[in-house]
Amino acid sequence: MHVSTTQIVMCPTGDQMEYDIRAYGGSKRGRSHESTGKPCQDSNHFGLHPNHPNIAILIVADGVGSAERSDEGSRIAVDTVKRYLEGVEPPFTPDVIREAYEKAWSAIDQHTAEGTGWPCDYDTTLSTAVFDAESGNLVYGHSGDGAILAIGLNGVVESITTPQKGAEANSVKPLRDLSAWEFGQRDGPFVSVMAMTDGVLDLLMPGRLKLTDEPIYIRLVSWLADFKFFERKGTPIEDCFAKRLSYLYSDIHKGITNDDLTFIAAMNIHVTSEYRGDEYYKEPDWAALNEEWKRKAYPSLYKDGGASKEDPVEEPIEEIEEGPIEQPDENPVTEIVKEAISKGSEALERAKAMLRMGMRSLAALQFRAAAEEGDQEAKEYLDTSTLGSLDDREQMDRCLIAIALNDVAACLLMAEYWSSKGESDKADVFLRKARLLDPTIEGLKTYSNRLDSMSIADRPR
């Protein structure tokens with residue numbers, strides 16, 4: 001079922017009020033989940049505090065893809081934080097948000113104590129913002145690779161949080177990693193606050209912009225949440241919101257992200273932020289950034305000092321009110337890999353290019369195709385019997401590629417590796433996968449019995 005939720009909340013205005021909060025947003029199932037039939041694993045809430053219409057509460061959670069019941073985990077976390085914060089009276093402080101997170105984690109832990117899986121099955125991220133539009137201040141909590149952004153009265157777009165990644169670039173620190181929780185308070189004044197999961201963050205802070213002094217796509221963020229750039233001439237604000245959500249959830253981003261998408265925003269439209277000049281809001285030079293990125297990522301392509309082909313880029317729009325342009329496709333399949341294919345490269349070369357970009361699932365399919373074509377190097381790469389220490393990045397990649405191809409031996413090797421590191425929860429994930437692939441495999445039944453005999457306190461967390 002297609003999952004898409006949209007809600008708009010409004011605060012009645014009056015001559016005596018110093019704020020008028022408008023909020024919008026929603027969650028949409030990603031293309032990767034649509035293709036596999038999985039549900040949207042994101043959850044969200046945004047709205048006004050029931051007793052204080054000057055306070056907006058924004059909460060987003062992204063269930064971790066490798067966790068079997070992460071969609072339930074994200075919903076439990078959001079619902080618990082919402083109930084707690086709506087029952088709290090101001091002032092809101094970082095300690096209040098921490099208490100909400102403790103209750104969210106306890107709710108998940110208690111849910112699993114009833115025999116509905118392990119806590120690691122419910123892994124989720126969680127980002128929360130409490131925005132007081134009357135003072136312009138912001139209190140927040142953060143766990144995982146989502147993000148909270150805000151726009152100040154001075155018009156400056158700020159990233160309030162930093163994505164929390166695990167040891168591997170494509171892993172994330174979930175809510176149950178209590179040591180990674182982050183809480184804070186920022187005195188603005190801010191005119192708008194946004195919360196999002198990493199699927200949308202990839203659009204608002206794209207990798208190419210890390211090559212510049214400004215990692216945030218200012219033009220797009222301002223169009224989404226700075227009221228001075230909203231359409232005028234009697235256009236209903238609901239239509240403005242719908243237009244922005246339609247853009248975020250459209251197919252033009254399929255080359256950048258296939259993840260679930262969640263974006264929510266609250267803004268005080270009673271005040272107008274400062275216009276910082278055309279230079280601040282200008283469209284980035286995507287063609288130049290693409291070229292610079294390719295030179296850094298693939299220096300071997302430029303040994304002769306020549307330039308590679310540039311992908312066509314649309315001309316920038318003239319007026320920001322018309323919305324941001326489509327960014328160049330950041331998927332290396334349409335850049336480096338496409339160029340390699342045009343030169344007659346085999347599946348093995350495509351696999352290597354994809355692997356360099358961290359696209360293991362696609363790389364795995366190309367390695368398998370190369371092996372099936374008889375490529376000896378690809379066969380040796382997929383031979384788990386020759387794997388060395390997984391502390392070596394190349395050997396780790398080889399093992400993960402084999403796991404992506406449902407290699408039971410690779411699952412067991414990875415489980416043994418994480419067990420040796422004291423990471424029992426990670427070991428459990430790969431042991432479970434191995435058991436699903438081959439329930440009769442030697443040794444796993446004993447491990448299963450050990451799990452079943454554990455007390456609640458000893459379960460993997």
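In the predicted model, β2 and β11 pair in the antiparallel sense, over eight bridges. Within this pairing, tyrosine 24 stands opposite alanine 265 in β11. Strand β2 covers residues 21-28 and includes alanine 23. Alanine 23 has a relative accessible area of 2% and is therefore buried. Its C-alpha lies 8.4 Å from that of alanine 56, a residue 33 places away in sequence.

Strand β11 spans residues 261-268 and is mostly covered, with eight of its eight residues buried. Leu261, Phe263, Ala265 and Met267 point one way from the strand. Thr262, Ile264, Ala266 and Asn268 point the other way. Both sets are buried. Strand β11 also pairs with β10, residues 190-196. These two strands run antiparallel and are joined by five bridges. Here alanine 195 has isoleucine 264 of β11 as its bridge partner.

A further set of strands involves β3, β4 and β5. Strand β3 (residues 42-49) and β4 run antiparallel, joined by eight bridges. A hairpin of two residues connects β3 to β4. Histidine 45 is matched with isoleucine 59 in β4 as its bridge partner. Strand β4 covers residues 52-62, and 10 of its 11 residues are buried. Six bridges join β4 to β5 (residues 126-132), again in an antiparallel arrangement. In this pairing, isoleucine 55 stands opposite aspartate 132 in β5.

Aromatic contacts were examined next. The search of the whole structure gives 15 aromatic pairs. One of them joins tyrosine 217 to tryptophan 286. Their ring centres are 5.3 Å apart, the planes meet at 80°, and the pair is edge-to-face. Tyrosine 217 lies in the loop between α4 (198-204) and α5 (218-225), whereas tryptophan 286 belongs to helix α7, so the pair ties together parts 69 residues apart in sequence. Tyrosine 217 counts as buried because its relative accessibility is 0%. Tryptophan 286 is buried too, at 2% relative accessibility.

Another edge-to-face pair is formed by tyrosine 417 and tryptophan 418. The centres of these rings are 5.0 Å apart, with 70° between the planes. Tyrosine 417 has a relative accessible area of 15% and is buried. Tryptophan 418 is buried at 9%.

Ring pairs also build a cluster from Tyr24, Phe227, Phe230, Phe241 and Phe263. Two of these names recur from the strands described above. Tyr24 stands opposite alanine 265 of β11, and Phe263 points the way of Ala265 from β11.

Helix α7 holds residues 286-297. Its 12 residues reach 16 Å from the first C-alpha to the last, close to the 16 Å expected at 1.5 Å a residue. The buried residues of α7 are Trp286, Ala287, Leu289, Asn290, Glu291, Trp293 and Lys294. The ring of tryptophan 293 has the charged end of arginine 208 over it, 3.9 Å from the ring centre. A second such arrangement involves arginine 244, which lies over the face of tryptophan 223. The distance to that ring centre is 4.4 Å.

In helix α2 (residues 70-86), threonine 80 was examined for its surroundings. At 8% relative accessible area, threonine 80 is buried. Beyond residues up to four places away in sequence, threonine 80 touches Lys103, Ala104 and Ala107.

The cysteines were examined last. A disulfide is a covalent bond between the sulfur atoms of two cysteines. The search of the whole structure finds zero disulfides. For cysteine 399, the closest cysteine sulfur is that of cysteine 411, 7.8 Å away and too far for a bond. The cut-off for a disulfide is a sulfur pair within 2.5 Å. Cysteine 411 is likewise in no disulfide, and the nearest cysteine sulfur to its own is that of cysteine 399. Cysteine 399 is buried, at 0% relative accessible area. Cysteine 411 is also buried, with a value of 0%.

Definitions and conventions: Residues numbered from 1 in each chain as written. Predicted model: local features only at pLDDT ≥ 70, side-chain atom pairs only at ≥ 80, totals over all residues. Heavy atoms only, no water. Phe/Tyr/Trp six-rings, centres within 6.5 Å; stacked < 30°, edge-to-face > 60°. Helix = DSSP H or I, 4+ residues; strand = E, 2+ residues; numbered from the N terminus. Buried < 20%, exposed > 50% of the residue type's maximum accessible area, 1.4 Å probe, protein only. Lys NZ or Arg CZ within 6 Å of the ring centre and 35° of its normal. Expected span 1.5 Å × (residues − 1). Pairing = 2+ DSSP bridges. Contact = heavy atoms within 4.5 Å.
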